[in-house]
Amino acid sequence: MSNVRSQQKGCIVSKTTNKSQKVSPDLDTPTDLPQEAVDKVSKALNVLLADAFALYLKTKNFHWHVSGRHFRDYHLLLDEQAEAIFGTTDQLAERARKLGGVTLRSIGHIAKLQTIQDNDEDYVPPREMLRELMEDNKAMAAAMRKAHKLADDNADRGTAALLETFIDETERRTWFLFEASRQEGANAA
């Protein structure tokens, strides 16, 4: 284990090889958080990141394959939502790196971590698309709340603040999908 310390403008920067996350010494970002907190929060962020990519691709899949009398409305809604989901990916990954953790490196890594299930069906009726995405967004919001609690428990205010914004955006997507998919005059599915 190498430990290199350098003086930069009165601040001591420690570059320690992290065996648990296999961080290259060249990528070992300094932080005041304990390594255990970095490992836990980075792991949670990577699962959220994998799910964001999975949800993005599923939303784009449905955007490309939606049909029927509400085509234009659903097509535009799903494109807007996919763009918003994709917009979270860089921030989630960079948050893990800011903490000194590692992040996703491949499609295979995403597949190992994702909890959002793919949908490879040849045809999905439009209302079922919206309902499935609504449930996926609800699951994503729940996972973000768990990660938020983990961040709070480890005094990681930056991750908690980022997740608060993303939870609100995810709840908004859930709401829009619910409203777009419910039957006329009914509040049920």
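Visitor: How do α4 and α5 pack, roughly parallel or roughly antiparallel?
Guide: In this predicted model, the axes of α4 and α5 sit 8 Å apart and meet at an angle of about 160 degrees. An angle over 145 degrees is what it takes to count as antiparallel here. So the two helices, α4 and α5, are roughly antiparallel.

Visitor: And which hand does the crossing of α4 and α5 have?
Guide: We're still on the pair with axes 8 Å apart. The crossing of α4 and α5 is left-handed.

Visitor: What classes of residue make up the contact of α4 with α5, and how many are nonpolar?
Guide: Polar residues number 6 in that contact, and charged ones 9. The nonpolar count is 15.

Visitor: Which residue in the loop between α4 and α5 has a positive phi although it is not a glycine?
Guide: The loop in question runs between α4 (126-153) and α5 (157-181). One residue there has a phi of about 55 degrees without being a glycine. At 48% relative accessibility it falls short of the over-50% mark for exposed, so it counts as partly exposed. That residue is A155.

Visitor: How many aromatic pairs does a search of the whole structure find, and what kind is Y56 with F86?
Guide: The search turns up 3 aromatic pairs. Y56 and F86 are 5.0 Å apart, centre to centre, with 45 degrees between the planes. That angle is neither under 30 nor over 60 degrees, so the Y56 and F86 pair is tilted.

Visitor: Which helices does the Y56 and F86 pair tie together?
Guide: Y56 is partly exposed at 24% relative accessibility, and F86 is partly exposed too, at 42%. F53 joins Y56 and F86 in one aromatic cluster. Y56 lies in residues 35-65 and F86 in residues 71-98, so the pair links parts that are 30 residues apart in sequence: helices α1 and α2.

Visitor: What about W175 and F176, what type of aromatic pair do they form?
Guide: W175 is exposed at 51% relative accessibility, while F176 is partly exposed at 28%. Their ring centres are 5.2 Å apart and the planes are 80 degrees apart. Since over 60 degrees is the mark for this class, the W175 and F176 pair is edge-to-face.

Visitor: Is K112 buried or exposed?
Guide: K112 sits in helix α3 (residues 107-113). V47 is 65 residues away in sequence, with 9.2 Å between the C-alpha atoms of V47 and K112. The relative accessible area of K112 is 73%, and the mark is over 50%, so K112 is exposed.

Notes. Residues numbered from 1 in each chain as written. Predicted model: local features only at pLDDT ≥ 70, side-chain atom pairs only at ≥ 80, totals over all residues. Heavy atoms only, no water. Helix = DSSP H or I, 4+ residues; strand = E, 2+ residues; numbered from the N terminus. Buried < 20%, exposed > 50% of the residue type's maximum accessible area, 1.4 Å probe, protein only. Phe/Tyr/Trp six-rings, centres within 6.5 Å; stacked < 30°, edge-to-face > 60°. Axes fitted to C-alpha atoms, helices over the stretch in contact; angles between N-to-C directions. Parallel < 35°, antiparallel > 145°, perpendicular 65-115°, else oblique. Left-handed = near helix turned anticlockwise from the far one by under 90°. Nonpolar A, V, L, I, M, F, W, Y, C, P; charged D, E, K, R; others polar.
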